[in-house]
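Hi everyone, thanks for making time. I'd like to walk you through a structure that will be new to most of you, so have a look at it first.

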Amino acid sequence: MTIRPAGDARITATVPIVVVGAGACGMVAALSAAEAGDEVLVLERDAVPAGSTALSSGMIPAAGTEEQRAQGVIDDASAFARDIQSKSKGRSDRAVLAAATEMSGQAVDWLNAMSDVELRLVEGFLYPGHSVARMHAPPDRTGRSLIGMLRAAVERRGLDVMTGATVTDLYAREDGHVTALRIERPDGAAEDIGCGALILACNGYGGNPDMVAKHIPEMARADYFGHPGNRGDAVAWGVGLGGEAKHMSAYQGHGSVATPHGILITWALMMEGGIQVNTTGQRFSNEHAGYSEQAVSVLAQPGGIAWNIYDASRHELGLAFDDYRAAMAQGAIRDAVSIEDLAAKIGVPSGALARSIMDTASVGPDRFGRIMGQKPQLEAPFYAVKVTGALFHTQGGLRVDGNARVVRRGTDRPLGNLYAGGGAACGVSGPFVDGYLSGNGLLTAVTLGRLAGLNAAASV
Ligand SMILES: Cc1cc2nc3c(=O)[nH]c(=O)nc-3n(C[C@H](O)[C@H](O)[C@H](O)COP(=O)(O)OP(=O)(O)OC[C@H]3O[C@@H](n4cnc5c(N)ncnc54)[C@H](O)[C@@H]3O)c2cc1C
């Protein structure tokens, strides 16, 4: 991943706007740039565009959407920004926070206006830290469907996506202006493609163990659940060109990945009254604090595992999720007629498990600060699934301005013709794992992708 002198490029073709990465950010950027009338080329390492976007639950948070209005949900960008800042304890990058929250509603409405895309408001429960329902997802709540819809939209418009094209090097002038990219094909052939503007949509560094060990050592030995092709290329190039990396210790973890199955178990189970216990049958945290930081809490338990404990009504809620049904099909979900039966099936002391389940009878705040409120306490029959903590994606990245332009180190001035969005850019979670509010990932993938596409198109 090197920067080479502009004069060394052997350019075979030039395209006004080139996008690296065909996840949500890259696809949205391409659709936006093309809408503005510009020719765009997306370069993707994989044979089929997927990225971490395909692995996600496809939940895009957005404020002030038509979907929200139709369901009577009152929301706007400032309420959304308050929720994000409250989770990050006021440490969110301000330029991205303002740009992302203001663009979120328009971007989701714009996507929904496409015949290929269907994003519905997720109702029935709130993700931790969101004051109103603002998650918008495909009907089956999977990232596979989200990327499938974006692929269909890109194909229908005839936009160029070159797959099996790994970008290895950039060619740039002394002032940081990128003139071309080198791509490598699976057979080893290389080609240089010229560009007018470059959008980095190649996510963060979760797939680069050395960078993970350096920036987030507490996750160095955890499973990485995101796309392995996200190796920190954007940060390496951006910093090499004179940009700046920010909040590199920020990330999204998750404390509810079925083990050994490796399937995400929706956090809705916890938000609606489920609890997590360790192998001694005891709770160890406030399950409502956030699923991201819960990765660290679960990994700190004996054996690095926990049991999600819930009951039949919450099990019904889980069945609305594709992943949960997959976990059922693979035998990850246990059921039991009583606490004693459950304790025997999952191998924890029944007395301690009974005391933990009793916690759900209190309105709260309980001894961990969790507020159960008016939610019904857990009652037989019970369900359980063994989970562990995992790294999902990194939230630190290149510092950008409110137009998704990468800025020069130590300044707010744009760096040449370089844009970044999604996991390639610094997000809105502040510097730590507990600053991640549900949906912060796809939020900046979609909004910065849209801003990058529109602004790059205006610039060329
Ligand atoms: C299990 C899981 C569940 C999640 N659920 C949610 C959720 O519900 N809501 C939410 O907001 N976030 C969620 N996230 C996070 C979310 O998936 C990411 O934040 C988001 O997908 C990032 O989008 P992106 O376009 O930046 O990156 P990606 O979708 O990862 O796309 C990047 C693409 O760039 C390509 N690439 C990388 N380097 C190169 C290169 N050198 N040359 C060519 N191509 C390259 C990759 O192959 C990849 O296809 C989840 C993450 C995981 C792992």
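**A walk through the model**

Let's start at one small spot: Ser88 sits in the loop between helix 4 (77-87) and helix 5 (94-112). Before I go further, please keep in mind that this is a predicted model. So, is Ser88 buried or exposed? Its relative accessibility is 3%, and because of that it counts as buried.

What does the Ser88 side chain do there? Well, a polar contact of 2.7 Å links it to the side chain of Ser92, and another, at 3.1 Å, goes to the side chain of Gln85. If we set aside the neighbours within four places in sequence, Ser88 is also in contact with Val428, Ser429, Gly430 and Gly435.

Next stop, Thr168. You'll find Thr168 in strand 8, residues 166-172. Its relative accessible area is 13%, so Thr168 is buried. And which residues does Thr168 touch, not counting those up to four places away in sequence? The list is Met1, Thr2, Arg182, Glu184 and Trp237.

Okay, let's zoom out to the domains. The chain splits into domain 1, which takes 2-243 plus 395-459, and domain 2, which takes 253-391. Taken over C-alpha atoms, the centres of domain 1 and domain 2 are 32 Å apart. Each side brings some residues to the contact: 26 from domain 1 and 26 from domain 2.

How much area is buried between domain 1 and domain 2? About 2,000 Å², with carbon and sulfur atoms giving 68% of that. There are charged and polar links here too: across the interface of domain 1 and domain 2 we get 2 salt bridges, plus 6 residue pairs in polar contact. As for the side of domain 1 that touches domain 2, its residues come out as 13 nonpolar, 7 polar and 6 charged.

Now for salt bridges over the whole structure. How many does a search find? The answer is 26. I'll pick out a few of them.

Take Asp116 and Arg156, whose side chains meet in a salt bridge at 2.9 Å, N to O. Asp116 lies in the loop between helix 5 and strand 5 (120-121) while Arg156 belongs to helix 6 (residues 143-156), so this pair ties together parts that are 40 residues apart in sequence. Asp116 is buried, by the way, with a relative accessible area of 17%.

Then there's Glu272 with Lys375, where the closest N and O atoms of the salt bridge are 3.6 Å apart. This one links distant parts of the chain, 103 residues apart: Glu272 is in the loop between helix 9 (268-271) and strand 15 (275-277), and Lys375 is in the loop between helix 14 (350-358) and strand 18 (382-394). Lys375 has 30% relative accessibility, so we call it partly exposed.

My last pair is Asp359 and Arg283, a salt bridge with its closest N and O atoms 2.7 Å apart. Here Asp359 is in the loop between helix 14 and strand 18, and Arg283 is in the loop between strand 15 and helix 10 (291-299), 76 residues away in sequence. Both Asp359 and Arg283 are buried. And the pair has company: salt bridges with shared partners join Arg283, Glu287, Asp359, Asp366, Arg367 and Arg370 into one network.

That's my tour, thanks for listening!

Technical notes
Residues numbered from 1 in each chain as written. Predicted model: local features only at pLDDT ≥ 70, side-chain atom pairs only at ≥ 80, totals over all residues. Heavy atoms only, no water. Domains from an automatic or database assignment. Contact = heavy atoms within 4.5 Å. Buried area = accessible area lost by both parts, 1.4 Å probe. Salt bridge = Lys/Arg side-chain N within 4 Å of Asp/Glu carboxyl O. Polar contact = N/O pair within 3.5 Å; in protein donor to acceptor, adjacent residues only side chain to side chain. Nonpolar A, V, L, I, M, F, W, Y, C, P; charged D, E, K, R; others polar. Helix = DSSP H or I, 4+ residues; strand = E, 2+ residues; numbered from the N terminus. Buried < 20%, exposed > 50% of the residue type's maximum accessible area, 1.4 Å probe, protein only.
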